[in-house]
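Please look over the sequence and the structure shown here before reading the notes that come after them.

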Amino acid sequence: MLTIAYITSREEPKIEWFFDSLHRECLGNYEGIKVVVVDSLAPREFPLVSAEFVHVKPKPCVWQGEFRKTRKDYWAKCNAANTALCYAPDGWISFMDDISVLAPGWLVRVKKAMQRPTTLCLGSFKKVKDLNVDDGKILSFTEFPPGVDSRWDSGSDTSPVVASGSWMYGHVTGPVEAFLSVNGYPEALCDSLSFEDCICGIRLQNSGYMFRYDRQMLVYESEELHHESKRHAVRFDKGVSPNDKSHAALKRVMSGDFSIWNGYDLRRLRESIRRGGEFPVPTEPTTDWFDGQPIHEIDL
């Protein structure tokens, strides 16, 4: 089973680009595919899709949403990704960014990646301007060199290349069990900060998982829309580099210190949700792990 997790907080996520290009990739056959859309603005109407489909809000979180403990909404991608994992059946999961369209051959590369049970595959991306998509087909775009995946030149057009867990950003495909084995994405460490993908990738690598980067597992993203129609969620890095929060988080994970990660067991939570349970309303953390500041006082 393949779960595709689509995470968005945009008023105009261009989800039809994704749905239509997925339909093309599947040739209309969605057997073995589930789509989980984690949407900060749910409920709202989206185009119909023939795949098994779940459309949910991110689970309750102290950093954003109606149960937040902060003065405003802060970045909480880890929380959204872990929400998707709670709705994913056993098998594989592919995390997808919004305002993106799948390039031809994407699903073929994903299915090849699923043949390596201990390896996560890192897909590539190109941010381009004037992206014109119709019925899932990329009609035209304007190249935008600064938006090309920084890993691109290390890749190959013939086969995936060996990669490091620190290369994990953008969209990634891996076993659901891999993410459960490390207790998901690090909400307690990285929500409000970001940097979660690389941090999680390093921990996965430390846990014995391998990585490949596949340049042919490609998505195109709209550069202009990255700066428009997005529900504002602040991300911040306290301190002055290199003595800042992001470097402190990296140092923790590189040293094998995972004491700050999540304040709950994701595997048990997932089991509860899959049995029809409800997400609990969290009360922790109440302070920023980096400097001890109460989070209700943060205003950055």
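The notes below deal with one helix, one buried side chain, one cavity and one pocket.

This is a predicted model, in which local features need pLDDT of at least 70 and side-chain atom pairs count only at pLDDT 80 or more, while totals for chains, interfaces and linings use all residues. Residues are numbered from 1 along each chain as its sequence is written, and side-chain values use heavy atoms, with hydrogens and water left out.

**Helix α8**

- Helix α8 covers residues 266-274, where a helix is a DSSP run of H or I with at least four residues and a strand a run of E with at least two, numbered from the N terminus.
- Leu 266, Leu 269, Arg 270 and Ile 273 are the buried residues of α8, buried being under 20% relative accessible area with a 1.4 Å probe and protein chains only.
- Those buried residues fall within an arc of 100° when seen down the axis of α8, so they line one face of the helix; the arc is taken from the directions from the helix axis to the C-beta atoms.
- The buried residues of α8 pack against α2 (77-87) and α4 (176-181).
- At the N-terminal end, Asp 265 caps α8, with a side-chain oxygen 2.9 Å from the backbone nitrogen of Arg 267.
- Gly 276, which follows α8, has a positive phi, near 100°.

**Asn 82**

- Asn 82 lies in helix α2 and is buried, with a relative accessible area of 0%.
- A polar atom of the Asn 82 side chain lies 2.8 Å from the backbone nitrogen of Tyr 185.
- Not counting residues up to four places away in sequence, Asn 82 touches Lys 59, Gly 184, Tyr 185, Glu 187, Asn 262, Tyr 264 and Leu 266, a contact being heavy atoms within 4.5 Å.

**Cavity and pocket**

- On a 1 Å grid over the protein atoms alone, a cavity is a set of points where a 1.4 Å probe fits but cannot get out, and a pocket is an open set with protein on both sides within 12 Å along at least five of seven lines; lining residues have an atom within 4 Å of a point.
- The largest cavity has a volume of about 80 Å³, and β4 (92-97) gives the most to its lining, with 3 residues.
- The second largest pocket has a volume of about 420 Å³, and of the 22 residues that line this pocket, the closest to its centre are Glu 187, Gly 263, Tyr 264, Pro 282 and Glu 284.
- α5 (187-190) and α8 each supply at least two residues of the lining of the second largest pocket.

Technical notes: Buried < 20%, exposed > 50% of the residue type's maximum accessible area, 1.4 Å probe, protein only. Polar contact = N/O pair within 3.5 Å; in protein donor to acceptor, adjacent residues only side chain to side chain. Points joined across faces, edges and corners; volume = space filled by probe spheres on them.
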